[in-house]
Amino acid sequence: VTENLKIGIAGLGTVGAGVLKILGVSGDLIAQCCARAIDVVGICARDRARERGLGLAGAAWFDDAIALAKDPTIEVFIELIGGSDGVALDAVRTALAHGKHVVTANKALIALHGAELGALAEAQGVALNFEAAVAGGIPIIKALREGLSANRVSRVYGILNGTCNYILSDMEETGRSFDAVLKQAQELGYAESDPSFDIGGIDTAHKLAILASIAFGAQVDFSHVHIEGIEYISANDIIVARELGYAIKLLGLACRTDQGVEQRVHPCLVKSDDAIAAVNGVVNAVVVESDQLGRLVMEGAGAGESPTASAVIADIIDIARGLVLPPFLRPSEFLRSEAVAPMARHEGAYYIRLTAIDRPGVMAVIAEDLAHEGVSIDTIIQRGAERADSVPIILLTHQCRESVMVKALARISSHDVIVKPPRMIRIEQL
Ligand SMILES: NC(=O)c1ccc[n+]([C@@H]2O[C@H](COP(=O)([O-])OP(=O)(O)OC[C@H]3O[C@@H](n4cnc5c(N)ncnc54)[C@H](OP(=O)(O)O)[C@@H]3O)[C@@H](O)[C@H]2O)c1
């Protein structure tokens, strides 16, 4: 008879509590899946006195996550504290160094320290599993690491942050401003009180860096991701985009180019009839394009107590079954330090928002500047005045190189008639 798997959980917040609840209600199912039961023998959080209603009597309490990480009674250390550095990093390093398997939901930790931690896990012959770190409950790491392991991936992209997707979907549905929708999202608990990681695209970038590493055999490197957030998207952008047959989504996209691996997070115009445009609210979706399978689309809950805990427990079950894989699919020796494909060389079409003084001849000036740089226009829309003295002008361009577009916008903004910095949203061919 195989012995029960003994685990220690550090962090009893949303995800930690979810893990304990599922182990409670589905312990029999889980024990059948892995032919052994899972015992929580140690737990740790910041505040021991907090009433958590989790029935924790059987587990030893640890004030210090690092002490739990190296405690001889545990075989698996579950890190659900959060943060890229500090105690989470120290505790995971300690657990791996002591030959414990590690499961974490911490995307910031894996995006910033995954290369080091993955190599350490491999050297120790233990698992480092992080399914919950990317797209919450969607089993995309498992899909890439196992189901698609015989595929060469050409592109991976998705909606990886539910907060941003909720805000953009609500703006589209109600026509309200970014600030108004963000405030409501905070009231409903969909956005943190400090939402900067979400709306600034950083959370999406953490997840994309992890996906790109597994998909392209690159060492995970967060600094390689180009990041823009959704803060500058206006209600009017969304309305105009819709009239033109597009939705605006914050996407994380990674693909291999001649220049290296391109990893970028930014708002995109996507065709309204594309599957990704129909993903609304806090839902996440990931698309993988590969040589043998073609296109794979996975959609589901990207966060929340139960979906995230479900992914954490799937990782624990793998360990209970004795499955230990290289964390980033390929053993560390095969993970390359990839060149970064520069955004200046990116090719695409653009949605441009200009704000100009309402005066004859303005359009001619803009058209001349674009022609001078070789940018050709697909569509121009001029709307009623935003203020008495200025009008928004929306342009859709044909494909061009990003460096050319940026140069053309610099030229346009140098004219006195342009009263606000131009805004550029990439149009994505999916
Ligand atoms: N929430 C989600 O939907 C979600 C989805 C995917 C991934 N994740 C990731 O999962 C991780 C946990 O997120 P969460 O939402 O569960 O966070 P949370 O609700 O804020 O919980 C954090 C837990 O860590 C404990 N903690 C904080 N500092 C500690 C320390 N120095 N030593 C020991 N314990 C400490 C806290 O203790 P107290 O309870 O005593 O304060 C709390 O129990 C993060 O990496 C997050 O990015 C979360």
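## Helix H10

Let's start with helix H10, which is mostly covered: 14 of its 15 residues are buried. Keep in mind that you're looking at a predicted model.

Helix H10 covers residues 202-216. You can check its length yourself: at 1.5 Å a residue, its 15 residues should span 21 Å, because the expected span is 1.5 Å times one less than the number of residues. The C-alpha atoms at the two ends of H10 are 21 Å apart, which agrees. Right after H10 comes Gly217, and its phi is positive, near 65°.

## The sheet

Now for the strands. Six of them, E3-E2-E1-E4-E5-E6 in that order, make up an open sheet with parallel pairing. At the edges sit strand E3 (60-62) and strand E6 (128-129), and each of these pairs on one side only. As for what links strands like these, the strands of a sheet pair through backbone hydrogen bonds, either parallel or antiparallel.

## A closer look at E2

Strand E2 takes in residues 38-44, and strand E1 takes in residues 5-10. These two pair in the parallel sense over 6 bridges. If you want to find a couple of matching spots, try Gly8, whose bridge partner in E2 is Gly42, and Ile9, which stands opposite Ile43 in E2.

E2 also pairs with E3, again in the parallel sense, this time over 3 bridges. Here Gly42 turns up once more, standing opposite Ala60 in E3. So how covered is E2? Mostly: 5 of its 7 residues are buried.

## Around the ligand

The ligand has 22 residues around it, and the ones that come nearest are Leu12, Arg46, Asp47, Arg52 and Gly304. Sorted by class, this shell holds 10 nonpolar, 7 polar and 5 charged residues.

Which polar atoms lie close to the ligand's oxygen atoms? For Asp47, a polar backbone atom is 2.7 Å from an oxygen atom of the ligand. For two arginines, a polar side-chain atom does the job of partner: the one from Arg52 lies 2.8 Å from a ligand oxygen, and the one from Arg50 lies 3.0 Å from a ligand oxygen. Taken alone, the ligand would expose 890 Å², and the protein buries 78% of that.

Terms used: Residues numbered from 1 in each chain as written. Predicted model: local features only at pLDDT ≥ 70, side-chain atom pairs only at ≥ 80, totals over all residues. Heavy atoms only, no water. Near = heavy atom within 4 Å. Polar contact = N/O pair within 3.5 Å; in protein donor to acceptor, adjacent residues only side chain to side chain. Areas by Shrake-Rupley, 256 points an atom, 1.4 Å probe, with all protein chains shown as cover. Nonpolar A, V, L, I, M, F, W, Y, C, P; charged D, E, K, R; others polar. Pairing = 2+ DSSP bridges. Helix = DSSP H or I, 4+ residues; strand = E, 2+ residues; numbered from the N terminus. Buried < 20%, exposed > 50% of the residue type's maximum accessible area, 1.4 Å probe, protein only.
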